[in-house]
Amino acid sequence: MNDISPDPFAPTHLGPIRLRNRMIKAATSEGRSPHGLVTDDLVEFHRTFAAGGVGMTTVAYCCVSSEAASAPGQIVMNAAALPGLRKLTDAVHHAGAAISAQLGHAGVVAQKRLTGVTAVAPSRFVNPASFSYCREIKRSEIGMVIDQFGDAAQVAVDAGFDAVELHFGHLYLPSSFLSALINRRRDEYGGDIDNRSRFVREIAQHVREVVGNRVAVIAKLDMDDGLPGSIWIDEALRTAQLLDVDETLDAIELTQGSSVFKPMYLFRGDVPVREFAQVMPRAMRPAIRIAGKWAMGSYPYEDLYMLSAARQFVPLMRNTKLILLGGITNCEHLEVGLGEGFDFLAMGRALLREPDLVNRMRADRSVRSRCNHNNRCMVTVFDRTHCVLDPEQRYGAAAPLVLETPNGSAITQ
């Protein structure tokens, strides 16, 4: 642990961009783009985090192509989305924060009923959550997906984003190449972990070539996904080391879990089985109530629950900064993370509960998040993501915010 930790609320740099502090709003599904385009609701969603004090907010989930969607209503990074994206970035910048676009390809998480095409995977695979068949992606298609990431990154630059986050986690397509359970290829993209890391390295390399130093480039990388025989920390350390040597990334955000099976391994805390059953087709509800907890997994919540795995990555990084995620809810957690050698701290559910939490913590370092990790916010993505404990978010009224004044002091509005 460092003797002197950086001030979490002081300005700093992430690659070519300057952030007003080290706090990042992590990507969380938003459910606020029903037609796949930016809405005023989505703009206001991110503006509140900017007004609430974060250094940067992350827009999730931006598809690199229409076939890359993991859920309905996701934004596809193309020319049609540009006007709305520019409105979004302008609003966040006006509120004083930077903004990142999370770029992803769903791969095995995609469903044909949504995209109209059979999902692709490194090798033939059946998604145990949806029972959807995934065909093996062709060698020629791999290059096409790499190009799509580059094209999407260019859209992000044109739209005024400050950073792009490459989604290499949760067994989406790039992450599934890292999994020995899903990737059984016999070409240069399969086999040992160096070969299985080739796809994510080529994506990062191409994106960096496209964007240069105009924006920061971040990757969200699985440390382990909770599935036996899939991704575990020993091989994830090697992938991170290879990416660091390439010098294509400004930062890596470390994560865990998957969107394929046992998703609660990422979230921890209460398992909202009853709430999930209510939003599913009526015929599926009895099965979800009976087996939902088993399928979703059940893992107790602990503060800083990713730290024990994430600290293994700190001594390996020479060129790449690290972002700590998972169970960060108060100033003590910020100090621990920075003292351990992480450069930035990312929060998700805590900011859904209190978008102004960063400003409140800066004004009073004894402040602690009111999030109780009931995880019912997970279910709200089927409508519009919000904290179910906040009536103002749930019913659309304007919640009071602690805003930042030009001199850096905090006021309540």
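Helices and strands are taken here as DSSP runs, with at least four residues for a helix (H or I) and at least two for a strand (E), numbered from the N terminus.

**Figure 1. The span annotated in UniProt, shown on a predicted model.** The unreviewed UniProt entry lists residues 9–232 as "domain: NADH:flavin oxidoreductase/NADH oxidase N-terminal". In this predicted model, helix accounts for 33% of that span and strand for 21%. The C-alpha atoms at the two ends of residues 9–232 are 33 Å apart.

**Figure 2. A closed barrel of eight parallel strands.** The strands follow one another around the barrel in the order 3-4-5-9-10-11-12-13. On average, and with direction ignored, neighbouring strands of this sheet are turned by 30 degrees against each other.

**Figure 3. Strand 4 and its two pairings in the barrel.** Strand 4 comprises residues 56–63; eight of its eight residues are buried, so the strand is largely enclosed by the rest of the structure. Strand 3 (residues 23–25) runs parallel to strand 4 and is joined to it by two bridges, with I24 opposite M56. The parallel pairing of strand 4 with strand 5 (residues 98–104) extends over six bridges; here T58 has S100 as its bridge partner. Together with helix 2 (residues 82–94), strands 4 and 5 form a right-handed β-α-β unit.

**Figure 4. Strands 9 and 10 with the helix packed on them.** Six bridges link strand 9 (residues 163–168) to strand 10 (residues 216–224) in the parallel sense. Within this region, H167 stands opposite K220 of strand 10. Helix 7 (residues 198–211) packs on the sheet and touches both strand 9 and strand 10. The direction of helix 7 makes about 165 degrees with that of strand 9.

**Figure 5. Surroundings of L103 in the largest nonpolar core.** In soluble globular proteins, nonpolar side chains tend to be buried together. The largest nonpolar core of this model holds 125 residues, of which M77, L103 and L166 touch the most other members. Helix 4 (residues 139–158) supplies the largest share of this core, nine residues. Leaving aside residues up to four places away in sequence, L103 touches C62, V64, M77, F149, A152, A153, V164, E165, L166 and H167.

**Figure 6. Another nonpolar core, apart from the largest one.** This core consists of nine residues, including M264, A277, I288 and M296.

How values were computed
Residues numbered from 1 in each chain as written. Predicted model: local features only at pLDDT ≥ 70, side-chain atom pairs only at ≥ 80, totals over all residues. Heavy atoms only, no water. Pairing = 2+ DSSP bridges. Axes fitted to C-alpha atoms, helices over the stretch in contact; angles between N-to-C directions. Contact = heavy atoms within 4.5 Å. UniProt positions renumbered as here; feature names shortened; annotations may be inferred. Core = buried A, V, L, I, M, F, W, Y, C linked by side-chain atoms within 4.5 Å. Buried < 20%, exposed > 50% of the residue type's maximum accessible area, 1.4 Å probe, protein only. Right-handed = clockwise from strand over helix to strand, strands pointing away.
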